Amino acid sequence: MFASGLYMVNGDISKADQYKLFQIHKAAGVVMLWALFIRVCVRVVTTRPELPEGFSSRDKAKAKTGHLLLYVAVVIMPLSGWLMVSASPFGLPTFVFVDWIKWPHIPGVARNKLIETIANNTHWVTASILSALIIGHVGAVIWHKKKHGVNLLDRMWWSKTKK
């Protein structure tokens, strides 16, 4: 999504190819929004594994803050994109899975340049923050494996067997 977002706005491509890429990007955003909804539902009804006992209270606080910020960013990202598309002066529809499903625009914001600009800026800032959070998240997993020998990937996978 990051690569397609950058390329469709900054790439030297024809308007027809740019339109196709926008449609793919928007459709993928809708799919991610639904996947996020499912993830949040699963998160609400399941228990999360405890952080390793060897973690300091500071490490635990950083982990909880990082996870919270990841959730906030992945909620804001597709919603700001949806708002941006809904407020666009072009009013182009969003189709998911080619032309099977026409995703609705958010009511009451059609062709509102101010809202589109705010949503656009929010989308780009959130993309930058989300990139940093993902890099930090992966970096923390690697750091804890190298420094403490703790394999946090086991916590993230379906199987919760103790090793």
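This text walks through the salt bridges of the structure and then a threonine in one of its helices. The model is predicted.

Side chains of opposite charge can pair when their charged atoms come close. The structure holds 2 such salt bridges.

Start in helix α3, which spans residues 57–87. Here the side chains of D59 and K62 form a salt bridge, with an N to O distance of 3.6 Å. The two residues sit 3 residues apart, about one turn of the helix. D59 has a relative accessible area of 16%. Buried means under 20%, so D59 counts as buried.

Now move to helix α4, residues 113–148. The side chains of E116 and K113 meet there in a salt bridge at 3.0 Å, N to O. Again the partners are 3 residues apart, about one turn of the helix. How do they differ in burial, buried or exposed? E116 has 12% relative accessibility, so it is buried. K113 has a relative accessible area of 53%. Exposed means over 50%, so K113 is exposed. This salt bridge therefore joins a buried glutamate to an exposed lysine.

Stay in helix α4 for T126. Its relative accessibility is 8%, so T126 is buried too. Where does the side chain of T126 reach? It comes to 2.7 Å from the backbone oxygen of T122. Leaving aside residues up to four places away in sequence, T126 touches A73, I76 and M77. Those three residue numbers fall within the 57–87 span of helix α3. T126 of helix α4 thus has contacts with residues of that span.

Key. Residues are numbered from 1 along each chain as its sequence is written. This is a predicted model: local features need pLDDT of at least 70, side-chain atom pairs count only at pLDDT 80 or more; totals for chains, interfaces and linings use all residues. Side-chain values use heavy atoms; hydrogens and water are left out. A salt bridge is a side-chain nitrogen of Lys or Arg within 4 Å of a carboxyl oxygen of Asp or Glu. Helices (H or I, at least four residues) and strands (E, at least two) are DSSP runs, numbered from the N terminus. Buried means under 20% relative accessible area, exposed over 50%, partly exposed in between (1.4 Å probe, protein chains only). A polar contact is a pair of N or O atoms within 3.5 Å; within protein, one must be able to donate a hydrogen and the other to accept it, and residues adjacent in sequence count only if both atoms are side-chain atoms. Contact means heavy atoms within 4.5 Å.
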